Amino acid sequence: MSSSSPNRLVVRDAAPSDLGYTARQHEELLPHGLFPHLGHTFLRRWHATFLDSPYGIALVAEQVGESGPVTVGFLIGSTDQVRQVEDVVARHRLPLTVAGAGALLLRPRLAVHFVRTRAKPYLRRLARVPRRSAAPVPVAGPRTDDGGPPVRVAVITAVTVDAAFRSSGAGRALVDRFVVRAALSGAEDARLTTVAGPGGAGRFYEKLGWQYEEEHLTRDGMAVSTYRLTPTTRPATDARARSVSRGGG
């Protein structure tokens with residue numbers, strides 16, 4: 001009599017074939033801010049920029065059983081948020097602008113909201129970096145308290161886990177892998193934001209060692225909480241998770 005082997009949790013680098021899943025989950029489970037409201041097509045293009053950026057992190061979590069792997073969550077973020085944004089603007093400005101403009105044309109109310117809340121800063125950012133720049137334009141990040149060199153800040157942009165797998169350790173494994181990658185890249189600080197209050201994931205991050213920093217309102221008037229952590233290459237906090245990646249990091 002044979003017994004079935006338990007499922008294994010695996011975290012790996014996301015691939016282009018995962019973008020349909022990550023965009024769909026982002027749109028459904030994190031419908032906050034502008035980008036999710038621009039729709040699936042725009043989200044796919046934006047998520048793709050994390051795959052080929054030298055500062056991007058894109059991960060998926062899978063449950064691997066006898067019937068094969070099942071994707072249960074994803075994370076996107078950066079090892080250096082300032083340079084990630086500049087790199088994306090420099091190399092992906094045109095396709096993202098076209099996709100975003102097309103989405104806004106189909107959503108007049110969202111277009112009006114965009115003009116009122118974001119048009120000026122977005123246009124300034126787009127105009128600042130040459131589209132065919134071969135390298136990110138140097139910009140000043142946040143400095144240390146003593147006025148030293150800019151601190152390299154890693155940021156978790158989005159992370160979700162399917163509702164049926166939220167006790168599997170997938171979220172913890174994704175965040176763990178991000179923290180290790182950030183530390184290995186030389187990031188001195190890591191940050192994230194989550195919806196404030198019971199509707200957010202603040203307690204989850206606090207259990208993983210992230211420290212609450214502040215609460216503020218977004219451009220859309222939503223209250224969010226900021227958390228921070230000093231990245232380290234500590235072992236995964238969930239011993240059940242087996243993290244693998246193409247780069248072996």
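Two strands pair if DSSP finds at least two bridges between them. Strands (E, at least two residues) and helices (H or I, at least four) are DSSP runs, numbered from the N terminus. The model is predicted, so that local features need pLDDT of at least 70 and side-chain atom pairs count only at pLDDT 80 or more, while totals for chains, interfaces and linings use all residues. Residues are numbered from 1 along each chain as its sequence is written, and side-chain values use heavy atoms, leaving out hydrogens and water.

**First stop: strand 7.** Select residues 223-229; 5 of the 7 residues of this strand are buried (under 20% relative accessible area, 1.4 Å probe, protein chains only). Add strand 6, residues 211-217, which runs antiparallel to strand 7 and is joined to it by 6 bridges. Here Y212 stands opposite Y227. The two strands form a hairpin with 5 residues between them, and G221 in the turn has a positive phi of about 85°. Next, select strand 5, residues 189-195: 6 bridges join it to strand 7, again in an antiparallel arrangement. R191 of strand 5 faces R228 of strand 7.

**Second stop: helices 2 and 3.** Select residues 40-52 and 81-105; these helices pack at about 155°, with their axes (lines fitted to C-alpha atoms over the stretch in contact) 10 Å apart. Helix 2 and helix 3 are therefore roughly antiparallel (angle over 145 degrees, on a scale from 0 to 180 between N-to-C directions). To view the contact (heavy atoms within 4.5 Å), display residues including F42, W46 and F50 in helix 2 and V88, P95 and L96 in helix 3.

Technical notes:
Parallel < 35°, antiparallel > 145°, perpendicular 65-115°, else oblique. Buried < 20%, exposed > 50% of the residue type's maximum accessible area, 1.4 Å probe, protein only.
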